[in-house]
Amino acid sequence: MKLVLGIDIGSTAVKGVLYGGEALEWGLAPTGWSPRDAGETMIAELLRRRRLDKSDLGALISTGYGRRALTAATKQVTEITCHARGAHELCPQARTVLDIGGQDSKVIRLDERGGVVDFAMNDKCAAGTGRFFQVLSHALDYDVEAFGAVPADGPIEPLSSMCTVFAESEVIGNLARGVPRENIVRGLLKSIASRSAGMLARVGMKPPLFFSGGLSRSPSLRAFLEKELDCPVQVHEKSQFAGALGAALIGWGAIV
């Protein structure tokens with residue numbers, strides 16, 4: 001039986017899953033300036049780990065922002081379809097998915113089989129996305145992981161703008177006024193949670209809610225989401241791979 005490779009080429013990170021009835025290898029790397037090169041490098045790395053080559057693949061499915069750049073793909077599938085399939089695999093009970101990626105965010109309503117019922121997507125503005133997170137963590141002199149782990153309990157400095165440029169200026173102004181960094185971070189995280197709650201409301205969120213994408217690794221953002229939504233937020237150690245896993249599962253279903 002041949003194997004399948006799912007590649008999710010995002011704006012900031014490329015994710016890959018090698019699949020053969022179960023996930024055999026997981027890969028994560030920066031996308032860099034060339035989505036095609038990033039995708040090809042990820043393919044080569046995952047195959048190298050198993051001492052395989054492309055002839056061992058029954059399907060190579062690409063998804064994400066850079067999916068059309070990967071000419072080696074046997075099929076290109078939309079992000080919504082792949083994230084829904086991957087999220088259902090990681091959290092079968094989920095009925096709504098919140099995915100926050102590098103430069104977009106999306107909300108997907110699922111049925112009991114993981115099919116897409118409805119969705120909303122923000123891909124016109126970086127507000128509340130991984131890029132927003134990255135720029136503001138840099139302005140506050142945090143690495144991204146430490147920024148996302150600032151304790152959710154404590155004073156909050158409200159953020160008046162979700163525009164990345166204006167928010168960065170506001171953060172710098174707050175620092176100049178002597179506002180503690182942690183208070184500013186909590187304000188930023190609360191703003192992202194509030195914006196996400198608005199998107200969830202537009203599609204009529206139904207629990208359980210599954211959180212995927214790079215920002216799902218932030219325990220404090222998850223805590224703010226739970227406060228904002230007044231319900232538990234489910235995550236998985238492989239939440240960031242939902243799109244790539246979904247792509248691999250779609251490819252696997254086509255060859256078995």
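This briefing walks through a few strands and helices of the structure above. Keep in mind that the model is predicted. We start with strand 2, where 7 of the 7 residues are buried, then visit an open sheet of 5 strands, and end with helix 5, which has 13 residues.

**Strand 2 and its partners**

- Strand 2 covers residues 13-19, and because 7 of its 7 residues are buried, it is largely enclosed by the rest of the structure.
- In a regular strand, side chains alternate between the two faces of the sheet.
- Here, Ala-13, Lys-15, Val-17 and Tyr-19 point one way, while Val-14, Gly-16 and Leu-18 point the other way.
- Strand 1 (residues 3-9) runs antiparallel to strand 2 and is joined to it by 6 bridges; Gly-6 sits opposite Val-17 of strand 2.
- These two strands make a hairpin, with 3 residues between them.
- Strand 3 (residues 23-30) also pairs with strand 2 in the antiparallel sense, over 7 bridges, and Ala-23 in strand 3 is the bridge partner of Tyr-19.
- Strand 2 and strand 3 form a hairpin too, again with 3 residues between them, and Gly-21 in that turn has a positive phi of about 90°.

**The open sheet and helix 2**

- The 5 strands of this open sheet lie in the order 8-7-6-9-10, with mixed pairing.
- Strand 8 (116-122) and strand 10 (233-234) are at the edges with a single partner strand each, so one side of each has no neighbour in the sheet.
- Strand 9 (residues 209-212) runs parallel to strand 10, joined by 2 bridges, and Phe-210 stands opposite Gln-234 in strand 10.
- Helix 2 (residues 79-90) packs on the sheet, touching strands 6, 7, 8 and 9, and its direction makes about 60° with that of strand 7.

**Helix 2 meets helix 8**

- Helix 2 packs against helix 8 (residues 242-255) at an angle of about 95°, with the axes 7 Å apart.
- That angle makes the two helices roughly perpendicular.
- Residues making the contact include Thr-81, Cys-82 and His-83 of helix 2, and Leu-245, Leu-249 and Ile-250 of helix 8.

**Helix 5**

- Helix 5 (residues 164-176) reaches 18 Å from its first C-alpha to its last, close to the 18 Å expected.
- Which residues of helix 5 are buried? They are Thr-164, Ala-167, Glu-170, Val-171 and Asn-174.
- Seen down the helix axis, these residues fall within an arc of 120°, so they line one face of helix 5.
- The buried residues pack against helix 3 (130-139) and helix 6 (181-202).
- Turned away from the buried side are the exposed residues Val-165, Phe-166 and Ala-176.
- After helix 5 comes Gly-178, with a positive phi near 90°.

Note on methods:
Residues numbered from 1 in each chain as written. Predicted model: local features only at pLDDT ≥ 70, side-chain atom pairs only at ≥ 80, totals over all residues. Heavy atoms only, no water. Helix = DSSP H or I, 4+ residues; strand = E, 2+ residues; numbered from the N terminus. Expected span 1.5 Å × (residues − 1). Buried < 20%, exposed > 50% of the residue type's maximum accessible area, 1.4 Å probe, protein only. Arc of directions from axis to C-beta. Contact = heavy atoms within 4.5 Å. Pairing = 2+ DSSP bridges. Axes fitted to C-alpha atoms, helices over the stretch in contact; angles between N-to-C directions. Parallel < 35°, antiparallel > 145°, perpendicular 65-115°, else oblique.
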